[in-house]
Amino acid sequence: EGALMATLNSDIVGRVSRLPIRPSEKGALLPLMEAVSNSIQSVTDVFGAETNKKGKITVAILRAESQDDPVVIGFEVEDNGTGFNNENYKSFLTPDSRLKLKKGGKGIGRLAWLKVFKTIAIVSTYKEGKKQFRRSFGFQLTEEEQVPGDDPKLVSGQPQKTIITFKEFAPDFDRRSPSKGETIAHRIVSHFVPLFVGGNAPQIEVLDGEDTFNVE
């Protein structure tokens, strides 16, 4: 299972530069929406019809430490879904993954992450059979070794969860995100309206410092 330094097999740098994502608010929030969408699929895979009771997704807004200008610099998306087990990790390494296509995914989602953010890190605690593992890896825009990481480590008694951290917007997308936590929560609601109307949405919370916004 040597996950050390994985390289995606295609011209990732070229493909990312050609992605038609405009330097706009929508572009800046695209990785967040994509990650929340993945989290929704992941918790639904675990909890099925009980997703609205047991599925939980938390979006934390990351801000610059400056008191004068606490601009949004990234997001952290946490969920209690399936996680990056071997099948999902292999799918992650295949940007045009067939696994997601069955579920309506477009496959370019993760490459958009690389266009918008400079630093992406993933930590996932998941089950493989009866055993529990933790897998940590990065995702970066380079010619090779876009997914630096360690082999999964055996753990036990840990909550099943995955955290994806996006930090440091690429220059085109810097300061394009809405600055208010409440506005970001509203954008998530409007992006996933059909899900909330359907009634089996997981609990989604947006945390912004001391403030918590429920997305529903």
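Reader: Which helix is the place of Ser 42?

Author: Quick heads-up that this is a predicted model. Ser 42 is a helical residue, and the helix in question runs over residues 25-47. That makes the place of Ser 42 helix H2.

Reader: Is Ser 42 buried or exposed?

Author: The cut-off for buried is under 20% relative accessible area. Ser 42 has a relative accessible area of 13%, so Ser 42 is buried.

Reader: Leaving aside neighbours within four places in sequence, what is Ser 42 in contact with?

Author: With those sequence neighbours set aside, the partners of Ser 42 include two glycines, Gly 81 and Gly 83. The full list for Ser 42 is Asp 79, Gly 81, Thr 82 and Gly 83.

Reader: Which helix gives the most to the largest nonpolar core?

Author: The largest nonpolar core has 48 residues, and Leu 32 is among those with the most contacts inside it, along with Phe 75, Trp 113, Phe 166 and Ile 188. With eight residues in this core, the helix that gives the most is H2.

Reader: Leaving aside neighbours within four places in sequence, which residues is Ile 188 in contact with?

Author: Ile 188 is one of the residues with the most contacts inside the largest nonpolar core. Once neighbours within four places are dropped, its contacts are Leu 32, Met 33, Val 59, Val 206 and Val 215.

Reader: How many helices and strands does the secondary structure of the protein chain come to?

Author: Both kinds of element are there, helices as well as strands. The tally for the protein chain is eight helices and eight strands.

Reader: What is the radius of gyration of the protein chain, set against the globule rule?

Author: For 216 residues the globule rule gives 17 Å, and the chain comes out close to that, so it is as compact as a globular protein of that length. The C-alpha atoms fill a box of roughly 45 × 40 × 35 Å along the principal axes. The radius of gyration itself is 17 Å.

Reader: Among contacts between residues at least 6 apart in sequence, what percentage join residues at least 24 apart?

Author: As background on the chain, buried residues make up 44% of its 216 residues. For the contacts you're asking about, the share joining residues at least 24 apart is 70%.

Reader: Which element supplies the largest share of the lining of the second largest pocket?

Author: That pocket holds about 170 Å³ of space and is lined by 13 residues, with Val 16, Leu 114, Lys 115, Leu 141 and Ala 170 nearest its centre. By type, the lining divides into eight nonpolar, two polar and three charged residues. Helix H1, helix H6 and strand S3 each supply at least two residues. The largest share, three residues, comes from S3.

Reader: What is phi for Glu 168?

Author: Most residues other than glycine have a negative phi. Glu 168, in strand S6, goes the other way with a positive value. Phi of Glu 168 is near 65°.

Reader: Where does Glu 145 lie?

Author: Glu 145 also has a positive phi, about 50°, although it is not a glycine. Glu 145 is partly exposed, with a relative accessible area of 35%. Glu 145 lies in the loop between strand S4 and strand S5.

Reader: How far apart in space are Val 197 and Ala 112, C-alpha to C-alpha?

Author: Val 197 is in helix H8 and is exposed, with a relative accessible area of 67%. In sequence, Val 197 and Ala 112 are 85 residues apart. Their C-alpha to C-alpha separation in space is 27 Å.

Key:
Residues numbered from 1 in each chain as written. Predicted model: local features only at pLDDT ≥ 70, side-chain atom pairs only at ≥ 80, totals over all residues. Heavy atoms only, no water. 1 Å grid on protein atoms, 1.4 Å probe; cavity = no way out; pocket = protein on both sides within 12 Å on 5 of 7 lines; lining within 4 Å. Points joined across faces, edges and corners; volume = space filled by probe spheres on them. Helix = DSSP H or I, 4+ residues; strand = E, 2+ residues; numbered from the N terminus. Nonpolar A, V, L, I, M, F, W, Y, C, P; charged D, E, K, R; others polar. Core = buried A, V, L, I, M, F, W, Y, C linked by side-chain atoms within 4.5 Å. Buried < 20%, exposed > 50% of the residue type's maximum accessible area, 1.4 Å probe, protein only. Contact = heavy atoms within 4.5 Å. Rg over C-alpha atoms; globule rule 2.2 N^0.38 Å.
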